[in-house]
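This report walks through one protein model, from its overall build to individual side-chain contacts. Please keep the sequence and the structure in view while reading.

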Amino acid sequence: ALSGSGPAYVFVFIEALADAGVRAGLTRPVALQLAAQTIKGAAAMQLETGAHPGVLKDQVCSPGGTTIAGVEALEKNGFRAAAMSAVAAAKARCEEMGKGK
C-alpha cells in the first residue's frame, strides 16, 4: 500500500507540480524536469541525512516566505490527509483482494 502503490502517488505529485509549472509559464518539458528533479533531490536529502521530513521542511521555509505560503496551501487543501487516505485505500483493497483467494 505504501511502497507498492507509492510510486503512482509520487507520479501524480510530479504531474501536479509540472502542471503548476506550465500554469506559471514554463514549457512542459522544463516543468517535468524541474518537478522530477525536485522530488529526487528532496528524497535524496532525507535518505542521506536521516532527518525527519518535518525538520527538513522547516529548514527550507523562511518566515513569511514563498515556501511556507505554499505549504499552507497544501495543508488547507488536504494534501497530508489525501496521501494518508490513499495508502489506507490501497491497503483496504489489498485486503479485499486477499479474501477472494
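## Fold and overall dimensions

Helices and strands are taken here as DSSP runs, a helix needing at least four residues in state H or I and a strand at least two in state E, with numbering from the N terminus. The model is predicted, and under that definition the protein has 5 helices and 0 strands. Followed along the sequence, its elements give the pattern α-α-α-α-α.

The protein has a radius of gyration of 16 Å, whereas a compact globule of 101 residues would be expected near 13 Å. Along the principal axes, the C-alpha atoms occupy a box of roughly 50 × 30 × 30 Å. Of the 101 residues in the protein, 11% are buried.

## Salt bridges

How many salt bridges does the count come to? The total is 6, and three of the pairs are described here, among them lysine 57 with aspartate 58, glutamate 72 with lysine 76 and glutamate 75 with arginine 80. As a general point, side chains that carry opposite charge can pair when their charged atoms come close.

Between lysine 57 and aspartate 58, the closest N and O atoms are 3.0 Å apart, which falls within the 4 Å that a salt bridge requires. Lysine 57 is partly exposed at a relative accessible area of 32%, and aspartate 58 is likewise partly exposed, at 48%. Aspartate 58 belongs to helix α3, which covers residues 53–60.

Glutamate 72 and lysine 76 form a salt bridge with an N to O distance of 3.5 Å. Both residues sit in helix α4 (residues 66–76), and because they are 4 residues apart there, about one helical turn separates them. Glutamate 72 is partly exposed, with a relative accessible area of 43%, while lysine 76, at 66% relative accessibility, counts as exposed. In the pair of glutamate 75 and arginine 80, the N to O distance is 2.6 Å, and glutamate 75 is partly exposed at 39% relative accessibility.

## Aromatic contact between α1 and α5

Which rings make up the aromatic pair, and how are their planes set against each other? The count comes to 1 aromatic pair. The pair consists of phenylalanine 13 and phenylalanine 79, whose ring centres are 5.3 Å apart and whose planes meet at 50 degrees, so the arrangement is classed as tilted. Phenylalanine 13 lies in helix α1 (residues 6–23) and phenylalanine 79 in helix α5 (residues 79–99), so the contact ties together parts of the chain that are 66 residues apart in sequence.

Phenylalanine 13 counts as partly exposed, with a relative accessibility of 27%. Phenylalanine 79 is also partly exposed, with a relative accessibility of 38%.

## Cysteines and disulfides

A search of the whole structure returns 0 disulfides. The surroundings of two cysteines can nevertheless be described: is cysteine 61 buried or exposed? Cysteine 61 is buried, with a relative accessible area of 14%, whereas cysteine 94 is exposed, with a relative accessible area of 53%.

## A nonpolar patch at the surface

Leu26, Val30 and Leu34 together make a nonpolar surface patch of about 230 Å². Valine 30, one of these residues, is placed in helix α2, which runs over residues 28–49. At 40% relative accessibility, valine 30 counts as partly exposed, and this value lies above the 30% relative accessible area that membership of a patch requires.

## Distances across the model

Two C-alpha separations taken from valine 22 help to place other parts of the chain. Aspartate 58, which was met above in its salt bridge with lysine 57, is 36 residues away from valine 22 in sequence and 27 Å away in space, C-alpha to C-alpha.

Serine 85 is found in helix α5 and is partly exposed, with a relative accessible area of 45%. How far apart are the C-alpha atoms of serine 85 and valine 22? These two residues are 63 residues apart along the chain, and their C-alpha atoms are separated by 28 Å.

Notes:
Residues numbered from 1 in each chain as written. Predicted model: local features only at pLDDT ≥ 70, side-chain atom pairs only at ≥ 80, totals over all residues. Heavy atoms only, no water. Salt bridge = Lys/Arg side-chain N within 4 Å of Asp/Glu carboxyl O. Buried < 20%, exposed > 50% of the residue type's maximum accessible area, 1.4 Å probe, protein only. Disulfide = S-S within 2.5 Å. Phe/Tyr/Trp six-rings, centres within 6.5 Å; stacked < 30°, edge-to-face > 60°. Patch = residues over 30% accessible without salt bridge, like charges linked within 9 Å, V, L, I, M, F, W, Y side chains within 5 Å. Areas by Shrake-Rupley, 256 points an atom, 1.4 Å probe, with all protein chains shown as cover. Rg over C-alpha atoms; globule rule 2.2 N^0.38 Å.
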